[in-house]
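Open the model in your viewer and keep the selection panel at hand. The stops below follow one another as selections to make.

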Amino acid sequence: MSPTAPPLSRDLIDSLNAQNLAALQDEYHSLGRVLERRGCAIDAIKQRLLSFSLAQPSWGTGVGGTRFARFPLAGEPTHLNEKLEDCAVVQQLSRITPRVSPHFPWDKIGDARAMLERATSLGLRFDAVNSNTFQDAPRQALSYRHGSLAHTDAAVRAQAVEHNIECIRVGEALGSKAITVWIGDGTNFPGQQSLASSLDRYLESAAQIYAALPPGWSMLLEHKLYEPAFYSTVISDWGSSMLAAQQLGPQARCLIDLGHHAPNVNIEQIVARLHRFGKLGGFHFNDSKYGDDDLDSGSINPHQLFLVFNELVEAELRSPADFDPAYMIDQSHNVTDPIESLLSSADAIAGAYARALLVDRAALTEYQQGNDVMMAFQTLRRAYNVDVTPIVAMARYERGGAIDTIAAYRQSGWRPRKARERRATSAGAGIV
Ligand SMILES: [Mn+2]
């Protein structure tokens, strides 16, 4: 079907870009000269950014919340069609977020064909489908109160398996190539469940989902240290995730959500480990100050994000053939306009990637081999210290996006317009 008009006015983006272009070109060329003195071609870095992309979570377009409250935003989306519309705005401005990851049953609307047509008409595609067995859906026969894929009752496990398989079938119709499985199963009390048996039950259920994967599909296993279970979770860490992925088979790989670790865990090392064993499936990008998975990417620890991308660049160099991690944003927008947070995060992630590309790999290897600790560190530091804003903005501009995404979004008046058009959402507890 033919694409509908993009959500924002092209003229507005063009006229704002025209105001910003001379300054951008000046900054880009100036940075180009700096990098050239280091033997690095800025256009080559920009070229790599031009082929970089991220998925947006459909649920990230709505205002999230905490266990205590959710404060709705006038004009936020309430239905998949509206979520897709907001994702199209993010994509129109950022140009690196062309895919949307749907969540079922939250995004269940009519048939898959209607969803696909709607997305295609907005210039979007679908990324990994996400199953949801961490809450009860309306009219669901059995409850997930005490777990889903690892539940003690075989009938509950069967219901959870069936839901995952249904997600795969819908995903096939949507053009997806992966299902992300995260379960809330776990315990709040020592002794509540057998730690060994619950993992056995999970593995048995996961194997049934795995058996339903179409060829070329991935099953991404997402681990999470705690929440909603606070004493133990069944797939708590990258070790449990990798053991499960190894047992399931080659189509099962691990997904790293940056917020799903204990504070201070060395996530970049996990990246290197998983890649070494062919199990690096993908990322959910966000940031965290304490134990959350809610804050905007790069807002708290941009250095960690850089170090993660540094390992990704290394991993791709080591074995380019099997390097295809799925990149997605997964954060909770509680006090900002979600579109602005998605734009800001896409920028932060692309910037971390650009900095990692600036690392002088040959020098780094030499310093590492010679045990020159300070210079090895300085090699990373030198790349990290570069303000890559002009490279990221130039790549975005050349792809047809806005040089200043948030300014363009604000000038478009999108949210106030939607506040008049869309029905109001309810307050209450949020779910992310
Ligand atoms: Mn996640």
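Start with arginine 95, in the loop between helix H3 (80–94) and strand E2. This is a predicted model. The phi of arginine 95 is near 65 degrees, a positive value in a residue other than glycine. Most residues other than glycine have a negative phi, and most peptide bonds are trans. Is arginine 95 buried or exposed? It has 21 C-beta neighbours inside 10 Å and therefore counts as buried.

Next, select phenylalanine 104 and proline 105, and look at the bond that joins them. The peptide bond is cis, with omega about 10 degrees. Proline 105 sits in the loop between strand E2 (99–101) and H4.

Now select residues 105–297. An unreviewed UniProt entry annotates this range as "domain: Xylose isomerase-like TIM barrel". Over these residues the chain is 36% helix and 15% strand. The C-alpha atoms at the two ends of the range are 26 Å apart.

Show helix H4 (residues 112–121) together with helix H5 (residues 154–174). Two packed helices are described by the angle between their axes and the distance between the axes. Here the axes come within 9 Å and cross at roughly 45 degrees, so H4 and H5 are oblique to each other. Their crossing is right-handed. To see the contact, pick Ala112, Arg113, Met115 and Leu116 on H4, and Val170, Ala173 and Leu174 on H5. These residues of the H4 and H5 contact divide into 6 nonpolar, no polar and 1 charged.

Move to valine 129, in strand E4 (residues 129–130). Why does valine 129 count as buried? There are 26 other C-beta atoms within 10 Å of valine 129, and the cut-off for buried is 20 or more. Leaving aside neighbours within four places in sequence, the contacts of valine 129 are Pro102, Phe104, Cys167, Val170, Gly171, Ser176 and Ile179. Measuring from valine 129 to aspartate 324 in the viewer spans 195 residues along the chain, with 17 Å between the C-alpha atoms.

Then select alanine 207 in helix H6 (residues 195–211). With 15 C-beta neighbours inside 10 Å, alanine 207 counts as partly exposed. Add glutamine 247 to the selection: alanine 207 and glutamine 247 are 40 residues apart in sequence, and their C-alpha atoms are 8.7 Å apart in space.

Go on to glutamate 227 and proline 228, which are joined by a cis peptide bond with omega about 10 degrees. Proline 228 is in the loop between strand E7 (218–222) and strand E8 (232–233).

Select asparagine 264, in the loop between strand E9 (252–257) and helix H8 (267–276). Its phi is near 75 degrees, a positive value in a residue other than glycine. Asparagine 264 has 8 C-beta neighbours inside 10 Å and so counts as exposed.

For the last stop, show helix H10 (residues 338–357) and helix H14 (residues 405–412). How do H10 and H14 pack? Their axes are 9 Å apart, at an angle of about 160 degrees, which makes H10 roughly antiparallel to H14. The crossing of H10 and H14 is right-handed. On H10, the contact is made by Ile339, Glu340, Leu343, Ser344 and Asp347, and on H14 by Thr405, Ile406 and Tyr409. By class, the contact of H10 with H14 has 4 nonpolar, 2 polar and 2 charged residues.

Technical notes:
Residues are numbered from 1 along each chain as its sequence is written. This is a predicted model: local features need pLDDT of at least 70, side-chain atom pairs count only at pLDDT 80 or more; totals for chains, interfaces and linings use all residues. UniProt positions are given in the numbering used here, feature names are shortened, and annotations may be inferred rather than shown by experiment. Helices (H or I, at least four residues) and strands (E, at least two) are DSSP runs, numbered from the N terminus. Axes are lines fitted to C-alpha atoms, for helices over the stretch in contact, and angles run from 0 to 180 degrees between N-to-C directions. Angles under 35 degrees count as roughly parallel, over 145 as roughly antiparallel, 65 to 115 as roughly perpendicular and the rest as oblique. A crossing is left-handed if the near helix is turned anticlockwise from the far one by less than a right angle, and right-handed if clockwise. Two residues are in contact if their C-beta atoms, placed from the backbone, lie within 7 Å. Ala, Val, Leu, Ile, Met, Phe, Trp, Tyr, Cys and Pro count as nonpolar, Asp, Glu, Lys and Arg as charged, and the others, Gly among them, as polar. A residue is buried if 20 or more other C-beta atoms lie within 10 Å of its own, exposed if 12 or fewer, and partly exposed in between; C-beta atoms are placed from the backbone.
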